[in-house]
Amino acid sequence: MTRWNSLLVFISLLFSIPLAIVFGSLFFPEYEVWEHLRATVLIDYIGNSFALLIGVGFFSLLIGVIPAWLVTMYRFPLSRQLEWALLLPMSVPAYIIAYTYTGALDVAGPLQVTLREITGWQYRDYWFPEVRSLGGAIAMLSLVLYPYIYLLARAAFIEQSVCVLEVSRTLGCNAFGGFRRVALPLARPAIMVGLSLVVMETLADYGTVQYFGVSTFTTGIFRTWFGLGNSLAAAQMSALLLVFVAVFLYLEKRSRKQARYHHTSSRYSSLMQQRLTKGHGVIALIICAAPLSFGFIVPVSLLINWAIDTYLDVLGKDFYLLFFNSLFLAFITSMLAVGIALFMAYSNRNNQSLLNKIMVRLVSMGYAIPGTVIAVGVLIPFAWFDNSLDNFLIENFNISSGLLISGTVFILVFAYLVRFLAVSINTIEAALVKIKPVMDEVAKTTGMHTINILRSIHMPMMRGSLLTASLLVFVDVLKELPATLILRPFNFNTLAVRTYELANEELLAEAAVPALAIVIVGIIPVIIISNSISRSRPGHG
Amino acid sequence: MIKYIHLLIFLFTLQSANAAEVNIYSARKEALIKPLLDQFSKETGIAVNIVTGKADTLLKRLEAENRNTPADILLTVDVARLVRAKEKALFQQIDSKLLNQVIPKNYRDDDKQWFGLSLRSRVIIYAPDRVDKNDLSSYMDLANEKWINRICVRSSSNVYNQSLVAAMIANYGLLKVERWGRGLVSNFARPPKGGDRDQIKAIAAGVCDVGLVNNYYLAGMLESSQKSDVVAAKKIRLFWPDQSTHGVHMNVSGAGILKSAKNKKEAIQLLEFLVGDFAQQWYADTNYEYSINSKLENSSVLKSWGKFKADELNLDLLGQHNIDALMLMDRVGWK
Amino acid sequence: MDKAIEIKNISLTIEGRSILEDVSFDVREAEIACLLGPSGCGKTTLLRSIAGLEIQDEGEVWVKGVLFSDLTHHLPVEQRHIGMVFQDYALFPHMNVRDNIVFGLKNYNTKMSIQRLDELVTLFSLEKHINKYPHSLSGGQQQRVALARAMAPRPGVLLLDEPFASLDIELREQIARELRLILKLDGITTIMVSHNQLEAFAMADIIGVMNDGHLLQWDNAFDLYHKPKTAVVAGFIGEGVFISGEVINNKEVKTEIGVIQSAATHQTVIGKKVRVLIRPDDILHDDNSDMAARVVDKAFRGAEFLYTLQLESGLRILSLVPSHHDHPINEPIGIRLEIDHLVIFDEK
């Protein structure tokens, strides 16, 4: 056990290095810069970030939970398809959706231009929602991030014992009452995990808010780091951000207190979906179809429209290399992420010491650190390591090793892991929590070793979650931008990088093809995840 | 299984040890210089390896990588970052007669550490149907009350604006420029968003009447394959500010050779190629920038804007005042 | 007494399989009824139909004179005002005991509700557990919470699905008796479902024996035991064996172990071959008897031994004997027939 433990500690510390660097900066106060920030932009940063968080949190909860419930409990036109289709926006990076809507709805975009031509109105004569604003940013991020909550809420709803819901009905709850008082509270842990992911993604977002001109804390970090050139102050701002996230996560955990979510009923009759009346059915359809349309169908149609014009130019040897690079990185990272997460979750489960718990929390914090901050936080120690090694070798053996790790794919994958381990850890931990410890004890009495328990009992029960975890990480890496931009090796580009560069040059039409490639590759895992969830209901298939 | 992965990764990062090559960290987007680099490789047989990114992040990477950085050249789109790189002691002195000959003095470093490769100006644009040309005069004038709600500019986080403000600080001093900044911000028709092209489109759409952009963006849109771009750009006119005083604000895209460059010879070759006629003509024709070589012909679009007086301020000052500019823009609320 | 529940000709088919066929019965006000039968006989499905969780294909459900369900009309579950306790209690894991119990009450904070809560807590002895969460309760405590929760809104009818299945066996009968007291005190009409006769006997006023979707007999425990209507019921209730016999007259039947006389006359044809039900309590141990049988097996039951005895012909019968008569296997013992109720069925 101690060997297990020390490995856990080592891995946690390794992946916490960027975190350490960020917090280490707190030891070097930078009064001048902070005074400047406080006097000028800090309130703006904080205010906007809060508004963004509250807005995105609220809307993604709404858009994620309600359709999840409808699709799980009822049958209405297209409900079967919507089950997995509602996940599709997850494959669209936020900055892509921002660019496409801006392209279509902006003052100079086709919609408003046509409007002005038809009516003869001038810009100030009519009101049209401004896409590039705080409100627009909230909309974009909600549309793209709600699938996290939808995914987890749906998994939770599917898993609930039917008996509990039936009991609530005998006690006088109608469908809505049962949802509000029983199903929703029981699904809360899962929904909260989804919400945490949404919160962290929102805080880390740079591309969307920067394009929309919304000054958030994160854009402030960038500006301080690169604009003002003050690494320390920027790191300190990052530390502040992380403290906020840590407090949020802590409060959320505490609010769950005593109530335990182990299933009290182990009887699972198959979930009978109620068929909705025509009127209700149509309403349900509209409620579910809306996020899908705005979050996926509309932007992708726009992209396809643009891509049709340009694909002949874009597709070529160059493009296929991009494609391969992206897939390669995503695959390796997701495999490693699941492996490490399994290891950590199990170590924690077997030995629930405070140290272990802290270690796991520490590693999960990586998700809250914006990609750029991680990149630099990773670059510094590795470059230092490489340089030291090089110095050592030169002094003693007169050979130069050059840069061994920095500037290679290793460092990129490492940065991804720092950022995305939280995703796999959270998913796998949530799954493990549902396997009652008594099962382990039963298995142990028959003489099974831990590894066998893992293999023959836990694995089948967790298969769905393992798949989900690896696919979530896969899609995330595929979409990742800021860290990739900074750390990638020579002549190495990914689909995300290419899309960003082209979109930034306002060559949206050309950007459409790599953007679509990201979306298409991202769709497949999305469908697989959804299918595995529907089939994961115990007592079902 | 793991062994194969190692091999794969190793192959990815393997760099050919035999062929001659030069490695660039570039803030210019790849698409904007690749043809040039390909031509260079064709002519000289030297392979060019490139990593693109924002100048700031590239600088951070160079600082961290230190002596062992694989990069030979840092290429930027603005002079402030070149100056910053020099301040961080990343560049080395280059003695090249050609470079010194072709590049005018105020567009290269006095200490021969960085070199401008192409010129760009930041000009005032306006909608001729809503603005009388005679109302425009200088950058300073843009703070005047008559422009309330009529100005569109991009964010202050963009280096072009920072350099413009830095140049103004060098010309007028902090106090005056801060007052100007407040006035300018109160004239904004909307909070800064988007890039220079967005400002052009905004003026065309009637959101505002006056803007500040780099000249090549306007040129690019006039000759764009996207019809909507052309339609919008045609509604805009260009105005050369401060012609009776110090002249239009100029900036350069440029490069420097890193102290730890392993391919110094090839790097110098590349820089000299980039100031050569082929490259300069390409900059002019394809990117609509002004050639650093004053003797070269400009593209027709550029020519149509006529001659102008350029500010002869030493570009070094743009770099030195960069942080002052940024903090000033924070103070006046230029987002 | 009024009929609280009327079940009329309920039939239900699921995926082609007939689960319930033409089931009818009535439960009177304040009566405790039990549906008794082996697994798969349809009793739970029937209970769920009364609750409204299943919809029958044919038949009607009436509760307190209100039509709950027929072919055209189906009152939703939440409007039926019934209380139901599921087999594994299905307590709400995210609520403590108090919140679980008051869940069905319209308004938690009225004086009436608080009173009702106190009533139930006292009734079920849950004072010490009010703030605990379900996972920290024992099986028995969970059952009491589930019952309190179901009864809190004063439902018209209480439905119990295998209420003792999750409890320790030794406690079951005692808990069943206690529960019966509570239910009788409250006066609530109850239908429970069980596969265990002892629970049914302890709890119910009237029992419906079910098998294969059919209701075989609807009677009190005593009559079910002593006057089973069909061989299946006889085989299910209590213990016993069938031995073959021949009708002598309308009061006597000749069997291998002697002529059996019944107290009441029975309709039959003289000379007909029949099967006679012999219960363990019909065979007494009598050392003075001429008839003897050999002990082939014995089961200790505390107060009694259940001996399996074999006659010379090889026929085996059961006998319940006070346990201080401890006879070893293979020893012959004297037996005497003492049958009060003659139960005969046609030879199959």
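**Exercise 1. A strand pair in chain C**

In which sense do strand β3 (residues 32–36) and strand β9 (residues 206–211) of chain C pair, and over how many bridges?

Solution. This is a predicted model, in which local features need pLDDT of at least 70, side-chain atom pairs count only at pLDDT 80 or more, and totals for chains, interfaces and linings use all residues. Residues are numbered from 1 along each chain as its sequence is written, while chains are lettered from A and ligands numbered from 1 in the order in which they are written.

Step 1. Find the strands: strands (E, at least two residues) and helices (H or I, at least four) are DSSP runs, numbered from the N terminus.

Step 2. Apply the pairing rule: two strands pair if DSSP finds at least two bridges between them. Between β3(C) and β9(C) there are four bridges, and the sense is parallel.

Step 3. Pick one residue of the pair. Leu36(C) has Val209(C) as its bridge partner in β9(C).

**Exercise 2. The sheet around that pair**

Give the strand order of the open six-stranded sheet of chain C, and name its edge strands.

Solution. Step 1. Read across the sheet: the order is β6-β7-β8-β3-β9-β10 (chain C), and the pairing is mixed. Strands of a sheet pair through backbone hydrogen bonds, either parallel or antiparallel.

Step 2. Look for strands that pair on one side only; these are β6 (82–85) and β10 (214–219) of chain C.

Step 3. Add the twist, which averages 15° from one strand to the next. For angles, axes are lines fitted to C-alpha atoms, for helices over the stretch in contact, and the values run from 0 to 180 degrees between N-to-C directions.

Step 4. Place the helix. Helix α4 (residues 139–151) of chain C packs on the sheet and touches β6 and β7 (157–161) of chain C. Its direction makes about 170° with that of β6(C). A contact requires the C-beta atoms of two residues, placed from the backbone, to lie within 7 Å.

**Exercise 3. Antiparallel pairs in chain C**

Describe the two pairings of strand β14 (residues 273–278) of chain C with β11(C) and β20(C).

Solution. Step 1. Strand β11 (residues 241–249) of chain C runs antiparallel to β14(C), and six bridges join them. Ser244(C) has Arg275(C) as its bridge partner in β14(C).

Step 2. Strand β20 (residues 344–346) of chain C also pairs with β14(C) in the antiparallel sense, over three bridges. Here the partner of Val276(C) is Ile344(C).

Step 3. Set these strands in the whole chain: chain C has eight helices and 20 strands. Of its 348 residues, 41% count as buried (20 or more other C-beta atoms within 10 Å of the residue's own; exposed means 12 or fewer, partly exposed in between; C-beta atoms are placed from the backbone).

**Exercise 4. Chain A and one of its residues**

Describe chain A overall, then decide whether Asp440(A) is buried, partly exposed or exposed.

Solution. Step 1. Chain A holds 23 helices and two strands. Buried residues make up 53% of its 541 residues.

Step 2. Compare the radius of gyration, taken over C-alpha atoms, with the globule rule of 2.2 Å times the number of residues to the power 0.38. For 541 residues a compact globule would have a value near 24 Å, and chain A agrees because its value is 24 Å.

Step 3. Locate Asp440(A) in helix α19 (residues 437–445) of chain A. Asp440(A) is partly exposed because 18 other C-beta atoms lie within 10 Å.

Step 4. Check one distance: the C-alpha atoms of Asp440(A) and Ile457(A) are 8.5 Å apart, with their positions 17 residues apart along the chain.

**Exercise 5. Contacts between chains**

Which of the two pairs of chains in contact shares the most contacts, and what does chain A give to that contact?

Solution. Step 1. Chains A and B share the most contacts. Chains B and C do not touch, and their nearest C-alpha atoms are 45 Å apart.

Step 2. Count the residues: 39 of chain A are in contact with 43 of chain B.

Step 3. List the elements giving two or more residues on the chain A side: α12 (217–227), α17 (371–397), α18 (409–433) and α21 (482–487) of chain A. Of these, α17(A) gives the most, with seven residues.
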